[in-house]
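Thank you all for coming; please have the sequence and the model open in front of you, and I will go through the fold step by step. Stop me if a term is unfamiliar.

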Amino acid sequence: MLLPSLQPGASAVVIGATGGLGQAFVNRLAGEDNIGQVFALSRHPPVEPRSAVTWVPIDLDAEGTIEAAVNTVREACSQIDLVIVASGILHGGTDLQPEKTWRTLNAAAFERVFAVNTFGPALVAKHFLPLLRRDRKAVFAAVSARVGSIGDNQLGGWYAYRASKAALNMIIKTLSIELARRYPDAVCVGLHPGTVNTALSKPFQSGVPPQRLFTPDDAATHLLGVIDRLTPEDTGHLFAWDGQRIPF
Ligand SMILES: NC(=O)c1ccc[n+]([C@@H]2O[C@H](COP(=O)([O-])OP(=O)(O)OC[C@H]3O[C@@H](n4cnc5c(N)ncnc54)[C@H](OP(=O)(O)O)[C@@H]3O)[C@@H](O)[C@H]2O)c1
C-alpha cells in the first residue's frame, strides 16, 4: 500500500493525466486498495480508459474548464484527499525551446511556459483547494522541478522554465500559509520527480546516467511514497523524489 496515511476510500485527482508522469500517477492510484475514486483530468481523453478511473476534461489555458472540472468532481464526491498537478511544459516546436543564452529570450515563450507551469497550477489551487477534506490529512501537490530552485542554480540556461517553476514554488509557499489557517491537517507542497523518461525530458536525456533516468512508474511510486510521509510541518516546501527537502 503506497498511501496508508490517507483515509480509507480516499479520493484523488490528477491533473495532466495523459502526460508521462500523470498517467503513471493515475495507474498507481487506481491500483491502490485504500483509494476509492480516481479522477483523471486532461485536455484529451485517455487512450486506454480504465473503468476504475473517471476522466474529466480540463485545459489549464481556460479557467472556465478548471471550474467545470471541479464541479464535475464535486458532484461525484464532496471531499478530496489528494490533488496532484502533473501538467507542465518545457519545449514545443521550434518557437519554444529552453534558452541556452539571454540572446534567445522571447516574451511569447515566457508567456506560454508561465501559463502552463505557473498560472495553471495556481488556478487549479483556487478551484480545488476548497474541496480538500478538513477532518484529517489531505494533500495538494504540484510537480515542480529542482531547476526552479534559485539556490540550486549552478548551470544557468532554461530561463523561462526555471523562472516558471521558481514562481510556482512561491505560489505553493503562499498557498500553504493561507491553507493552514482553515485546513490545519492539509499539506501543500511542490515535488521534484528526478529525471523521468517522458516526452518532456526526451531531448535532454543524453547526459543522464541510466540509473538516474527513472521510468514514469518508478517516479510516481517514489513521489506517492513522499506524499504518504508528509505531515502538516512539511507544508509550503519542495521535496525531491527521495524525500529530501530542496531549498528554494
Ligand atoms: N520528466 C522529467 O524529467 C521532469 C523533471 C522535473 C520536473 N518535471 C515536471 O513533471 C511534470 C510532468 O511532466 P512529464 O515529464 O510527465 O511531461 P509530459 O509527459 O510532457 O506531460 C505533460 C502534461 O502536461 C499537460 N499539459 C500541457 N499543457 C496543458 C494545458 N494547457 N492544460 C492541461 N494540461 C496541459 C500535457 O497534456 P497533453 O497530453 O494534452 O499535451 C501532458 O499531459 C511537469 O510539471 C514537469 O515540469 C518533469
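Strands β4 and β5 run parallel and are joined by 4 bridges, and within that pairing Val83 stands opposite Phe140 in β5. I should say at once that what we are looking at is a predicted model. Between these two strands comes helix α3, residues 107-128, and together β4, α3 and β5 make a right-handed β-α-β unit.

Let me stay with β4 for a moment, which covers residues 82-85. Are the residues on its two faces buried or exposed? Leu82 and Ile84 on one side, and Val83 and Val85 on the other, are all buried, and both faces of β4 are therefore covered, where the cut-off for buried is 20 or more other C-beta atoms within 10 Å. On its other pairing, β4 meets β1 in the parallel sense over 4 bridges, and there the bridge partner of Val14 is Ile84 in β4.

From β1 we can follow the pairing to β2. Strand β1, residues 10-15, is joined to β2 by 6 bridges, and the two run parallel, with Val13 standing opposite Phe39 in β2. To get from β1 to β2 the chain passes through helix α1, residues 20-30, and this β-α-β crossover is right-handed. Strand β2 itself, residues 35-42, is mostly covered, with 6 of its 8 residues buried.

Next to β2 comes β3, residues 53-57, which runs parallel to β2 and is joined to it by 5 bridges. Two pairs that you can look up on your screens are Val38 opposite Val53 and Leu41 opposite Val56.

Now we can put the strands together. They belong to an open sheet of 8 strands, in the order β3-β2-β1-β4-β5-β6-β9-β10, with mixed pairing. Why is one side of β3 and of β10 left without a neighbour in the sheet? The reason is that β3 and β10, the latter at residues 245-246, stand at the edges, and each has a single partner strand. Helix α4, residues 159-182, packs on this sheet, where it touches β5, β6 and β9, and its direction makes about 170 degrees with that of β6.

Just ahead of that helix, in the loop between β5 and α4, we find Trp158. Its phi is near 55 degrees, a positive value in a residue other than glycine. For background, most residues other than glycine have a negative phi. Trp158 is also buried, because 22 other C-beta atoms lie within 10 Å.

Let me return to α1, which is mostly covered, with 9 of its 11 residues buried. Among the buried residues are Gly20, Leu21, Phe25 and Arg28. I would like you to look at Phe25, whose place is in this helix and which counts as buried because it has 30 other C-beta atoms within 10 Å. Which residues does Phe25 contact, once its neighbours within four places in sequence are left aside? They are Val14, Ile84, Ala86 and Ala220, and you will remember Val14 and Ile84 as bridge partners between β1 and β4. As for distances, Phe25 and Asp95 are 70 residues apart in sequence and, from C-alpha to C-alpha, 30 Å apart in space.

Helix α1 also brings us to the ligand. Of the 28 residues around the ligand, Gly19, Gly20, Gly88, Thr198 and Leu200 come nearest. The elements that give two or more residues to this shell are α1 and β7, the strand at residues 195-196. The largest share, 3 residues, comes from α1. Sorted by class, the shell has 12 nonpolar, 13 polar and 3 charged residues.

I will finish with a residue that contrasts with the buried ones. Gly207 lies in the loop between β7 and β8, and because it has 7 C-beta neighbours inside 10 Å, Gly207 counts as exposed. Its C-alpha atom is separated by 35 Å from that of Leu123, and along the chain Gly207 and Leu123 are 84 residues apart.

How values were computed
Residues are numbered from 1 along each chain as its sequence is written. This is a predicted model: local features need pLDDT of at least 70, side-chain atom pairs count only at pLDDT 80 or more; totals for chains, interfaces and linings use all residues. A residue is buried if 20 or more other C-beta atoms lie within 10 Å of its own, exposed if 12 or fewer, and partly exposed in between; C-beta atoms are placed from the backbone. Two strands pair if DSSP finds at least two bridges between them. A crossover is right-handed if, with the strands pointing away from the viewer, the path from the first strand over the helix to the second runs clockwise. A residue is near a molecule or strand if its C-beta atom, placed from the backbone, lies within 6 Å of it. Ala, Val, Leu, Ile, Met, Phe, Trp, Tyr, Cys and Pro count as nonpolar, Asp, Glu, Lys and Arg as charged, and the others, Gly among them, as polar. Two residues are in contact if their C-beta atoms, placed from the backbone, lie within 7 Å. Axes are lines fitted to C-alpha atoms, for helices over the stretch in contact, and angles run from 0 to 180 degrees between N-to-C directions.
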